[in-house]
Amino acid sequence: MEHRGGPDRIIRQSILNFDFIETVISLPNGMFNNTMIPTVILVLNTNKKENAKNRVQFIKVTEDMVTVVNRRERVLSNELISKISTVYGNKESIKGFSETVNLNDIHNGDLVVDSYVVQDSYHFDGLEVKADFNKLDRIKTLKLSEVASLSRGFNNTRATESENGKYQVIRISDITEDGINYDELVRVTSDVKNVDDYRVEKGDLLLSIRGTTNKIGMVDKDDDSLLFNANLIRIRANRTTDPEWLKIYLESPMAKVLLERISRGTTIRQISLQDLKNFPIPELTLEEQKLAKQEYRIGLEEVQAELKKLRQKEYNIKRAFYQKLPVSDAFEIIPEKK
């Protein structure tokens, strides 16, 4: 169920006010043959039991809970169906699976299950990260809006694109592990209203907030023609914050957990600008940030040097083996250029 505003929010809030919504069950993608998007089961009840009155129950079924029959078919096992039925009946709260929330704690008609059922274990880059959000709340941090200014990008369309356009627009797809790919940027016409609001400067960070919600790049060149897309947020660090240190932090497993926690939506994940403004940032002085950044750089350079030595050793071992083969005189093995 998308976190939409306008008429959708008003309708949801009206149904909530009548206390008709008993349970919202979110399912992962691929559960129905006619759609591959995540879906939601909405249970309405005009005659709630006492333990359900003035409350809404949220149940979250994750991808790892379902049984994969084949590439196109996923089903709920009998054991999982029994668990859902039992929890639905007794309204039990289970960490990462179910939560029952008072109507007074549901704001703006928000019925997104992820807003209420919070997991404490996440997987990023082959690592499992366990989070204690209660402990985090007790740690003194700063809001992202206190260390940087944030703004949304330019909503370019096919109609505004032009091969001879004056401006270039950075999109999510232009942000790679090696940095921003400036060679593939689309160009747009010079008729861009409030163009200064969408320019980027050297040192600006660009964070994806729609679809892939933890992709981040740093602008490393001065070019007045560079703009950024509406699916990105420009983060411009203030004088008390080192932008490279901030980028390293936002790419850390801890920050990825927090970004995942504030991302909303079932079909397309997205992060609101307001949630991002409240994003927690460790409180360090500028000198401490620069020292941490320098230690991080040196550590990675040492790792890269060791990896280079290991790759050379691997090449030497393979080459020695190949040269002992009777056919080796007919072949020349040339090392890959780095």
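**Note on strands 1 and 11, helix 5 and a pocket**

1. In the pairing of strand 1 with its neighbours, I25 stands across from I59 of strand 3. The model is a predicted one, in which local features need pLDDT of at least 70 and side-chain atom pairs count only at pLDDT 80 or more, while totals for chains, interfaces and linings use all residues. Residues are numbered from 1 along each chain as its sequence is written, and side-chain values use heavy atoms, with hydrogens and water left out.

2. Strand 1 covers residues 21–27, and 7 of its 7 residues are buried, where buried means under 20% relative accessible area, exposed over 50%, and partly exposed in between, with a 1.4 Å probe and protein chains only. Strands here are DSSP runs of E of at least two residues and helices are runs of H or I of at least four, both numbered from the N terminus. With strand 2 (residues 39–44) strand 1 runs antiparallel and shares 6 bridges, and T23 has V43 of strand 2 as its bridge partner. With strand 3 (residues 55–60) strand 1 runs parallel, joined by 4 bridges; two strands are taken to pair if DSSP finds at least two bridges between them.

3. Two loop residues around these strands deserve a careful look at their backbone. Most residues other than glycine have a negative phi. D19, although not a glycine, has a positive phi of about 60°, and D19 sits in the loop between helix 1 (6–17) and strand 1. N54 likewise is not a glycine and has a positive phi of about 60°, its place being the loop between strand 2 and strand 3. As to their surroundings, D19 counts as buried because its relative accessibility is 14%, whereas N54, with a relative accessible area of 47%, is partly exposed.

4. A contact across the chain involves T100, which is found in strand 6 (residues 98–102). The C-alpha atoms of T100 and V56 are separated by 5.6 Å, although the two residues are 44 apart along the chain. T100 has 11% relative accessibility and therefore counts as buried.

5. A separate open sheet is made of 3 strands in the order 14-11-17, with mixed pairing. Its edge strands, each pairing on one side only, are strand 14 (186–188) and strand 17 (226–228). On average, and with direction ignored, neighbouring strands of this sheet are turned by 45° against each other; axes are lines fitted to C-alpha atoms (for helices, over the stretch in contact), and angles run from 0 to 180 degrees between N-to-C directions.

6. Strand 11 (residues 167–170) pairs with strand 14 in the antiparallel sense over 3 bridges, with Q168 opposite R187 and Y167 partnered by V188. With strand 17, strand 11 runs parallel and is joined by 3 bridges, and here I170 stands opposite F228. Y167 and V169 point one way from strand 11, Q168 and I170 point the other way, and all are buried.

7. Helix 5 spans residues 243–250, and because 6 of its 8 residues are buried, it is largely enclosed by the rest of the structure. The buried residues of helix 5 are W245, L246, K247, I248, Y249 and L250. At the start of helix 5, a side-chain oxygen of D242 comes to within 2.9 Å of the backbone nitrogen of E244.

8. Which element gives the largest share of the lining of the second largest pocket? Helix 5 does, with 4 residues. A pocket is an open set of points on a 1 Å grid over the protein atoms alone where a 1.4 Å probe fits, with protein on both sides within 12 Å along at least five of seven lines, and lining residues have an atom within 4 Å of a point. This pocket holds about 800 Å³ of space and is lined by 28 residues, of which E177, I216, K247, E251 and Y296 lie nearest its centre. Among the elements giving two or more residues to the lining are strand 16 (216–218), helix 6 (253–262) and helix 8 (286–323).

How values were computed. Polar contact = N/O pair within 3.5 Å; in protein donor to acceptor, adjacent residues only side chain to side chain. Points joined across faces, edges and corners; volume = space filled by probe spheres on them.
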